Amino acid sequence: MGIQYYGICKNCGRRFKIMDGGGFTFHMLRCDTCGKHKSVNFEQLGELHLRYLKGLNQPYSLATAHYDNLIRELFPGEPLPKDSYEAAIEEFVGKCKCGGQFRFNASPRCPRCRSTDFEEDPNGDAFLYD
């Protein structure tokens, strides 16, 4: 489950939206240069995601537990460890228009000045998304 909240850049003062984490059926990545978000649906990943599920010792999420257990039992492909899975997704998603790379662990960045120095907006709404 992911969370969306707002940050305020300590460098230029811009208020901006930050999305951290994916959901039950998608991953959320962030550009390591400009901070833009990009989601990728598990269906788009096809066998790559199935191989990852095969290697888990528990369901990916409670919401997908039945499906995940079926994949672990029935999918004939080789399991894929988390590090290899995430690297393959980053390659699959590709480069951002700015030239940066979409990554799982990229820090949030101000869209104006690209600084990673920000504080959470105490007056901003935050909500969890699937």
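In the predicted model, Leu 45 makes contacts with His 27, Val 40, Tyr 85, Ile 89 and Phe 92, leaving aside residues up to four places away in sequence. Leu 45 also belongs to the largest nonpolar core, a set of 14 residues in which Leu 45, Tyr 85 and Ile 89 have the most contacts. Strand β3 (26–31) and helices α1, α2 and α4 each contribute at least two residues to this core. The largest share is that of α4, with three residues. Apart from this core lies another, made up of five residues, including Cys 9, Phe 16, Ile 18 and Cys 110.

Ile 89 is located in helix α4, which spans residues 82–93. Its relative accessible area is 0%, so Ile 89 is classed as buried. With residues up to four places away in sequence not counted, the contacts of Ile 89 are His 27, Leu 29, Val 40, Leu 45, Leu 48 and Phe 104. One of these partners, Leu 29, is 60 residues from Ile 89 along the chain, and the C-alpha atoms of the two are separated by 9.4 Å. His 27 and Val 40 are touched by Ile 89 and likewise by Leu 45.

The cysteines were examined next. Zero disulfides are found in a search of the whole structure. Cys 9, a member of the five-residue core, takes part in no disulfide, and the nearest cysteine sulfur to it, at 3.5 Å, is that of Cys 113. Because a disulfide requires sulfur atoms within 2.5 Å, this pair does not qualify. The relation holds from the other side as well: for Cys 113, which is in no disulfide, the nearest cysteine sulfur is that of Cys 9, 3.5 Å away. The two residues fall into separate accessibility classes, as Cys 9 has a relative accessibility of 3% and counts as buried, whereas Cys 113, at 29%, counts as partly exposed.

The largest pocket has a volume of about 170 Å³. Its lining comprises 13 residues, and those nearest the centre are Thr 25, Phe 42, Glu 43, His 49 and Tyr 67. At least two lining residues come from each of α1 (42–45), α2 (47–55) and α3 (65–74). Helix α2 gives the most, three residues. By class, the lining consists of six nonpolar, five polar and two charged residues. Helices α1 and α2 thus appear both in the pocket lining and in the largest nonpolar core.

Terms used:
Residues are numbered from 1 along each chain as its sequence is written. This is a predicted model: local features need pLDDT of at least 70, side-chain atom pairs count only at pLDDT 80 or more; totals for chains, interfaces and linings use all residues. Side-chain values use heavy atoms; hydrogens and water are left out. On a 1 Å grid over the protein atoms alone, a cavity is a set of points where a 1.4 Å probe fits but cannot get out, and a pocket is an open set with protein on both sides within 12 Å along at least five of seven lines; lining residues have an atom within 4 Å of a point. Grid points are joined across faces, edges and corners, and a volume is the space filled by probe spheres set on the points. Helices (H or I, at least four residues) and strands (E, at least two) are DSSP runs, numbered from the N terminus. Ala, Val, Leu, Ile, Met, Phe, Trp, Tyr, Cys and Pro count as nonpolar, Asp, Glu, Lys and Arg as charged, and the others, Gly among them, as polar. Buried means under 20% relative accessible area, exposed over 50%, partly exposed in between (1.4 Å probe, protein chains only). Contact means heavy atoms within 4.5 Å. A nonpolar core is a set of buried Ala, Val, Leu, Ile, Met, Phe, Trp, Tyr and Cys residues joined through side-chain atoms within 4.5 Å.
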